[in-house]
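I set out to keep a short record of what I looked up, going through one chain and then the other.

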Amino acid sequence: MTDTIVETEALGRDFRVRDGLRRRTVVAVEELTVRIGAGEAVGYIGANGAGKSTTIKMLTGILVPTRGSVRTCGLQPVPDRKRLARQVGVVFGQRTQLWWDLPVRDSLRILAAIHSLGTTAERERTDELVERLELGEFLGTPVRQLSLGQRMRAEVAAALLHSPRLVILDEPTIGLDVLSKQRLREFLVAERRLHGTTLMLTTHDMGDVERLCDRILLADRGSLVFDGTLAGLSRTVGAERVLVVDLAEPTPDLDDVPDTRHLGSEGGGLRQRLGFDPDVTTAARVLAALSGRAELVDLAVEEPDVEEIVRRVYAARR
Amino acid sequence: MVDLTPYRAVLASRVRAQRTYRANFLLDLSSSLLVGLVELAEVWVVFRSVDSLGGLDLAAVVLVFGLADLSFSLADLAFGHCDTLPTYLRAGTLDVFYLRPQPLLLQLITSDISLRRLARAAVGVAALVAGLAMNDVPWSAGAVALLVLAVVSGIATFAAMFVWAAGAQFYLVDGAEATNAFVYGGRYAASQPASVWSRPLVVVFGFFFPMAFTAYLPVVTLLGLPGPDWMPDGLGWCAPLAAIWAWALALTTWRTGVRHYQGGGG
């Protein structure tokens, strides 16, 4: 039995909003019951408005729950906010906790003081983060002059400086280029391996989920509709992949390739899209079946993105 | 014992940042100085046409102005940025404060410091010194104590106004204009003799927001002047009580505001 880091029981939150002259109640989180153990990496996905941010705010003591109970790192987030702050680090993709007019180095120094790190602890942790997040080249640059990728790395360093047991990342890779995303993910994987850090992230990026998370929570209208692995989720909704092939010359629709479904043709058959289920066949087998039929110029395999999976789950429920 | 290191670290960085942009800072300083001088000139202009205002002559009014202005600008220096709370609320940066192991209000107060207000405080000091020289002050240990008490309580009272205004932002949408009317209106009221105020003003700035206690009442007590009829003698000594009342009001408003923000019920 591992330690429990997050435990909620029928957790819910309503908002009162003004609608013209009348007030009405909007349910942001309906009833969330979930347990996250130490060292887990959890992807929390769902459409916009599914209550992800509200949940994060209740876990960190920013919002008071309307009903149910919540414990984070064994503490009650609202009354124990200050003690909890020493054990939780949050990265908001859209807002900064750095000082925009100060060099990254100074921001980290202030945060070390805020979290009362000792001199040795501060130096060791800063050195570690600077090296692993490759902050060295812009440590002396004011935050406002950083590129988005650099800033996100600095934000992550800022949130992790006090070595929190639980790290919550809200859309950490939004707007980043492929290389920056890759670096950030590698860092988080290593952080988890080295320090046993529990990760919880909200994302719209399938890459984040695949490379970082071994468990997925999917929320719909403030309730959990799926809790399991990515493979399990794909099985539930059918994670059909799509093979896109560009052919040397116009070819009649390839609608009889075994284990595939012909999804469409463009340019008189120059580009064709074939759907297949990765549990039934592989891209290689489909290609082998095609090789006798037409000359391939180019190909791509498309995976369903988070939005697509979420959409399929929601559609199946309604 | 409260560990002050976090607050010191933030404030030191703010001071450094303001010194870094030197030209900008000098410009801020001089514009702040200019505004202070213009407001002082206003007192002089008024006394070009009258000899006395609410039972106070020019010398006494300069003293009131100096006391009020010094206290306000020092409070503004340390607490004035609290009115940026609406910006924090909109940008969501207030949530960042929640993720740090310090009390929210202390974080907000120590999140910035406006050194340019020093220019304004200099105007206040000049007016205060001139006021003390122009009046026939019955100097005694008691008089010094009254002055010190007035400045310290005045700073605390104005600081409480800024905190009150910040707390009110939680439930006012775009409420900075509304609260500014009281904060800056209060500052203006404080630098005038309260004896000329109309009754609603006396209620609002005499007692609810105790602005009369920051400068006018201590000066009346100090100079032994006849005050307005609604005031008993020696009310100037009650400035600390006014400060305590102002803070009680401020902290209650702040607490209610935070509860409202978190949705735990007001």
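**Notebook: helix, domains, fold**

I began with helix H4 (residues 119–132) of chain A, whose 14 residues should span 20 Å at 1.5 Å a residue, and the end C-alpha atoms are indeed 20 Å apart, which agrees; the expected span is 1.5 Å times one less than the number of residues. I then noted that H4(A) is followed by Glu134(A), which has a positive phi near 55°.

I was working with a predicted model, in which local features need pLDDT of at least 70 and side-chain atom pairs count only at pLDDT 80 or more, while totals for chains, interfaces and linings use all residues. Residues are numbered from 1 along each chain as its sequence is written, and chains are lettered from A and ligands numbered from 1 in the order in which they are written.

For chain A, I looked up the domain assignment (bounds from an automatic or database assignment), which gives domain 1 (1–87 + 164–179 + 188–237), domain 2 (98–163) and domain 3 (240–302). The centres of domain 1 of chain A and domain 3 of chain A, taken over C-alpha atoms, are separated by 39 Å.

Turning to chain B, I found 12 helices and two strands (DSSP runs, H or I of at least four residues for helices and E of at least two for strands, numbered from the N terminus). The order of elements in chain B, from the N terminus on, is α-α-β-β-α-α-α-α-α-α-α-α-α-α. The radius of gyration of chain B is 19 Å, close to the 18 Å of the globule rule for 266 residues, so chain B is as compact as a globular protein of that length; the radius is taken over C-alpha atoms, and the rule is 2.2 Å times the number of residues to the power 0.38.
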